[in-house]
Amino acid sequence: MNPSRRWPAKSFYKGFIIEYDPPPIPVRSMDWCFYHRDFDGAKDSQDCRLGREESESKCMEAIDRMLILETN
């Protein structure tokens, strides 16, 4: 993590948005969230292209795993 970065941090990776968004809990393993730019959050859409991870790089790894599963 780059300490000079201003928050909120937001980056883009393979069609996904990654944001630093720490929840108000003492656990730091879910401080970063990611979601696909077309994700609308509708419960009936069965769109599960979102998640939470402990770092920006872990979000990118999770996105890569998700995309591999989609192609298989």
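**View 1. Phe12 and Ile17, bridge partners across S1 and S2.** In this predicted model, Phe12 finds its bridge partner in S2, and that partner is Ile17. Zoom out a little and you can see that S1 and S2 (residues 16–20) run antiparallel, with four bridges joining them.

**View 2. The four-stranded open sheet.** Now for the whole sheet: the strands line up in the order S1-S2-S3-S4, and the pairing is antiparallel. At the edges sit S1 (10–13) and S4 (50–53), each with pairing on one side only. Going from one strand to the next, the twist averages 20°.

**View 3. Asp31, a buried residue in a loop.** Look for Asp31 in the loop that links S2 to S3 (32–36). Its relative accessible area is just 6%, and because buried means under 20%, Asp31 counts as buried. What is Asp31 in contact with, once neighbours within four places in sequence are left aside? The list runs Glu19, Tyr20, Asp21, Pro22, Pro23, Arg52 and Glu53.

**View 4. Met30 and its nonpolar surface patch.** Stay in the loop between S2 and S3, where you'll also find Met30. Is Met30 buried or partly exposed? With a relative accessibility of 31%, Met30 is partly exposed. Met30 teams up with Ile25 and Val27 in a nonpolar patch on the surface. Together, the three residues Ile25, Val27 and Met30 show about 210 Å² of accessible area.

Notes
Residues are numbered from 1 along each chain as its sequence is written. This is a predicted model: local features need pLDDT of at least 70, side-chain atom pairs count only at pLDDT 80 or more; totals for chains, interfaces and linings use all residues. Side-chain values use heavy atoms; hydrogens and water are left out. Two strands pair if DSSP finds at least two bridges between them. Helices (H or I, at least four residues) and strands (E, at least two) are DSSP runs, numbered from the N terminus. Axes are lines fitted to C-alpha atoms, for helices over the stretch in contact, and angles run from 0 to 180 degrees between N-to-C directions. Buried means under 20% relative accessible area, exposed over 50%, partly exposed in between (1.4 Å probe, protein chains only). Contact means heavy atoms within 4.5 Å. Patches are made of residues with over 30% relative accessible area and no salt bridge: like charges are joined within 9 Å, nonpolar side chains (Val, Leu, Ile, Met, Phe, Trp, Tyr) within 5 Å. Accessible areas come from the Shrake-Rupley method with a 1.4 Å probe; for residues, only the protein chains shown count as cover. A salt bridge is a side-chain nitrogen of Lys or Arg within 4 Å of a carboxyl oxygen of Asp or Glu.
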